[in-house]
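Thanks for sharing this one. Below are my notes, set out as numbered points to read alongside the coordinates.

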Amino acid sequence: MRQKVSIKKQPLVSEISEDIHSFVGPLFHRSVLKKVGLPRKDYFIYGDDYEYGLRIRKEKLICLAISSAKIYHDLGGKPIKIKRFGHVRIRYPQQAWKFYYDTRNTFSMLQNLNIGERYCAYFWWLYRLLRSTIGDFLYQQDWSIYIYYRWLGAVHGILKKTGKSEECS
């Protein structure tokens, strides 16, 4: 028999005001699932957590975090030190196709914001895309494929193309 635990009485719980959270570690009460539904299948990977957080915010639900929780997330292998142009950067090796989905799903998701939030978010994401493009050029060994997937993702996101892409196989 399961014991009920009141989360409000636990000293390790603190409320957070962030609307967006990663899917690395959260737990959702079934009432959230009933009200908000499941994450979008057509986002396949990346951005699904942002979009889900926006739906939670729209329903005015509160997110709680256990501040003492420790989460171990594999970032894709051992970090690599890259030295270029007098700068040293730590990069975690990621497959280039993942950046397609991250960019595409984010641009797609932004279209669901209200008009004021949308344009502000578009400028922020365009800045991030440009900055990432420069970072790829400077610090990725196969920089052209990373840049290709990021910008293809931006175009497909604006065109609202979702689901698994054959172009990223």
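1. Salt bridges first. This is a predicted model, and a search of it gives 6 salt bridges. Three of them are taken up below, starting with the pair that ties into the rest of my notes.

2. Asp102 and Arg128 form a salt bridge, with N and O 3.4 Å apart. The two residues are 26 apart in the chain and link distant parts of it, Asp102 sitting in helix α3 and Arg128 in helix α4. Their surroundings are worth a look: Asp102 has a relative accessibility of 11% and so counts as buried, the limit for that class being under 20%. Arg128, at 27%, counts as partly exposed.

3. Two other salt bridges have partners that lie a few positions along the chain, as their numbering shows. Asp42 pairs with Arg40, the closest N and O atoms lying 2.7 Å apart. Asp42 is partly exposed because its relative accessible area is 24%, and Arg40 is also classed as partly exposed, at 25%. Lys161 and Glu167 make the other pair, at 3.2 Å from N to O. Here Lys161 has a relative accessibility of 33% and is partly exposed, while Glu167 is partly exposed at 37%.

4. Helix α3 deserves a point of its own. It covers residues 97-110, which makes 14 residues. From the first C-alpha to the last it reaches 21 Å, close to the expected 20 Å.

5. How many residues of α3 are buried? The count is 12 of the 14, so the helix is largely enclosed by the rest of the structure. Among the buried residues are the aromatic side chains of Phe99, Tyr100, Tyr101 and Phe107. The buried set also includes Asp102, Arg104 and Asn105, and Asp102 is the residue that forms the salt bridge with Arg128.

6. What covers the buried residues of α3? The cover includes α2 (48-58), α4 (115-139) and α5 (143-158). Helix α4 thus turns up twice in these notes, as part of that cover and as the helix that holds Arg128.

7. Next, internal space. Searching the whole structure for cavities of 30 Å³ or more turns up 1, and the largest cavity holds about 50 Å³ of space. Its lining consists of Asp102, Thr103, Trp125, Arg128, Leu129, Ser132 and Arg150. Both α3 and α4 supply at least two residues each to that lining, with α4 giving the most, 4 residues. Please note that both partners of the salt bridge in point 2, Asp102 and Arg128, belong to the lining of this cavity.

8. Finally, the overall picture. The protein has 5 helices and 4 strands, and read from the N terminus the elements follow the order β-α-α-β-β-β-α-α-α. Of its 169 residues, 31% are buried. Of the contacts between residues at least 6 apart in sequence, 64% join residues at least 24 apart. The exposed area comes to about 12300 Å², and carbon and sulfur atoms supply 58% of that.

Conventions:
Residues are numbered from 1 along each chain as its sequence is written. This is a predicted model: local features need pLDDT of at least 70, side-chain atom pairs count only at pLDDT 80 or more; totals for chains, interfaces and linings use all residues. Side-chain values use heavy atoms; hydrogens and water are left out. The expected span of a helix is 1.5 Å times one less than its number of residues. Buried means under 20% relative accessible area, exposed over 50%, partly exposed in between (1.4 Å probe, protein chains only). Contact means heavy atoms within 4.5 Å. A salt bridge is a side-chain nitrogen of Lys or Arg within 4 Å of a carboxyl oxygen of Asp or Glu. Accessible areas come from the Shrake-Rupley method with a 1.4 Å probe; for residues, only the protein chains shown count as cover. On a 1 Å grid over the protein atoms alone, a cavity is a set of points where a 1.4 Å probe fits but cannot get out, and a pocket is an open set with protein on both sides within 12 Å along at least five of seven lines; lining residues have an atom within 4 Å of a point. Grid points are joined across faces, edges and corners, and a volume is the space filled by probe spheres set on the points.
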